[in-house]
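Please open the model in your viewer and keep the selection panel at hand. The stops below go from single residues to whole elements, and each one says what to select and what is there.

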Amino acid sequence: MKLGLKSRSRRVVQDSAVAAAAAAAGKMKNSISDSKNLDEKLTVDYCGWTSLPSELMREVLMKIEESESKWPERKHVVACAGVCKSWRETIKEVVKTLEVSRKITFPISVKQPGPRDSLIQCFIKRNSSTQTFYLYLSLSQALADDGKFLLAARKYRRATCTDYVISLNAEDMSKGSGTYVGKLRSNFLGTKFVVYDALPPHMGAKLAKNRSTRMFSTKQIFPGVPASNYPVAHISYELNVMGARGPRRVQCVLDAIPASAVKPGGVAPTRMDSRVNGVDSFQQTPASWSTSNDLNTALSETLHGQSDGSLVLRNKAPRWHEQLQCWCLNFHGRVTVASVKNFQLVASPDSGTVGAEQGKVILQFGKVGKDVFTMDYLYPISAFQAFAISLSSFDTKIACE
């Protein structure tokens, strides 16, 4: 039975990839002199596709990558990576990082920084009965669409703290699964939070020393690097002397990102895929992630050599609107419901930013419905980091409200 299911899953991936390749090759007919030979190639079986000449295969896959730029059509790009090793290696070369391509393709994309000049638009759905939160990539400008599932988180209350376990699989939130990517932990008052990554964000990252530190499923990791809890961000909410009437004040220290990342030419750690899994779903793909050694060694030395070298984000101060009698921020139409949870984060002056860099919104989060919230982010933070920071806004803050 197990072998049968595995075989069926493989056929589904192959059929999807072959169909996409055939469509792309069909579009190339006019540009290839010998169309008769191409027609013959379109009629071959799976083995024929895997034995395509490397030049023709690369051109076909590039056409697919260019034409299938949005979800759900982009699933064909993912399917092509599951055909065989040669296709997978070519797809790895063709598909660029999120910063460059502005396209979320493989699960690794949720751990890569967003583009520098445009916000990645997402939304979060909350299930209050199960204390579960779902992150989706927006597929249109509409505030309510089906979206592409990216991450899920579930809230677990402890005696002295609260954990939000983050996973690639909405149905499996266990830390030992291959889809566990990290967690958010709060203190008892809900005023201080720590974001933990399941894998080291850069070379030389320090492992968290606490009771929850443990080894996780080897399916999730690449050889030589243990999966555990690495602190990558610290979030703190300041005491609000105005009570519930005033806006929250939040500060976020991103330990794994140097302050220079928000400056022109600045660089943030970018996690690269060591193995692309060709599966048409983030939920089904146990990601195997690695890092660029040269880049991250330099970043590690920078962060360890300077105690104040990490990027610091602060909430953008809202202005008081006399006519509406409320605090206001310009979300450019992405937020429609007033809420104390709404915020925009910009680089703090402590990070050495000046002028336009200081006022640039890196993450914004706000309410649009009873259990629906928008979340938009850009470089140098990733979807995982943005999601974890946004989750901190849901937690009850006894000392702040």
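**Stop one: Lys341**

Select Lys341 and display its surroundings: leaving aside neighbours within four places in sequence, Lys341 is in contact with Arg126, Arg248, Phe365, Phe373, Ser393 and Phe394. Bear in mind throughout that this is a predicted model. Lys341 belongs to the loop between strand S13 (326-328) and strand S14 (343-347). Is Lys341 buried or exposed? Its relative accessible area is 19%, and because the limit for burial is under 20%, Lys341 counts as buried.

**Stop two: the barrel**

Now select the strands S1-S2-S3-S4-S5-S6-S7-S8-S11-S14-S15-S16, which in that order form a closed barrel of twelve strands with antiparallel pairing. From one strand to the next, the twist averages 20 degrees. Add helix H10 (residues 383-394), which packs on the sheet and touches, among others, strand S1 (120-127), strand S3 (148-157), strand S8 (250-258) and strand S15 (361-367). The direction of H10 makes about 140 degrees with that of strand S16 (372-377).

For a detail of the pairing, restrict the selection to strand S4 (residues 162-167) and strand S5 (residues 180-186), which pair in the antiparallel sense over six bridges. Which residue in S5 is the bridge partner of Asp163? That partner is Arg185.

**Stop three: Thr132**

Move next to strand S2 (residues 132-137) and select Thr132, which has its place in that strand. With a relative accessibility of 0%, Thr132 counts as buried. Its side chain makes a polar contact with the side chain of Thr130 at 3.0 Å, and another polar contact, of 3.2 Å, joins the side chains of Thr132 and Arg154. If residues up to four places away in sequence are not counted, Thr132 touches Lys125, Arg126, Asn127, Ala153, Arg154 and Met173. Arg126 is thus on the list for Thr132 and also on the list for Lys341.

**Stop four: helices H4 and H6**

Finally, select helix H4 (residues 54-67) together with helix H6 (residues 85-94), whose axes lie 10 Å apart and which pack at an angle of about 50 degrees. H4 and H6 are therefore oblique to each other, and H4 passes H6 in a right-handed crossing. To display the contact itself, show Met57, Arg58, Leu61, Met62 and Glu65 on the H4 side, and Ser86, Trp87, Thr90, Ile91, Glu93 and Val94 on the H6 side.

How values were computed
Residues are numbered from 1 along each chain as its sequence is written. This is a predicted model: local features need pLDDT of at least 70, side-chain atom pairs count only at pLDDT 80 or more; totals for chains, interfaces and linings use all residues. Side-chain values use heavy atoms; hydrogens and water are left out. Helices (H or I, at least four residues) and strands (E, at least two) are DSSP runs, numbered from the N terminus. Buried means under 20% relative accessible area, exposed over 50%, partly exposed in between (1.4 Å probe, protein chains only). A polar contact is a pair of N or O atoms within 3.5 Å; within protein, one must be able to donate a hydrogen and the other to accept it, and residues adjacent in sequence count only if both atoms are side-chain atoms. Contact means heavy atoms within 4.5 Å. Two strands pair if DSSP finds at least two bridges between them. Axes are lines fitted to C-alpha atoms, for helices over the stretch in contact, and angles run from 0 to 180 degrees between N-to-C directions. Angles under 35 degrees count as roughly parallel, over 145 as roughly antiparallel, 65 to 115 as roughly perpendicular and the rest as oblique. A crossing is left-handed if the near helix is turned anticlockwise from the far one by less than a right angle, and right-handed if clockwise.
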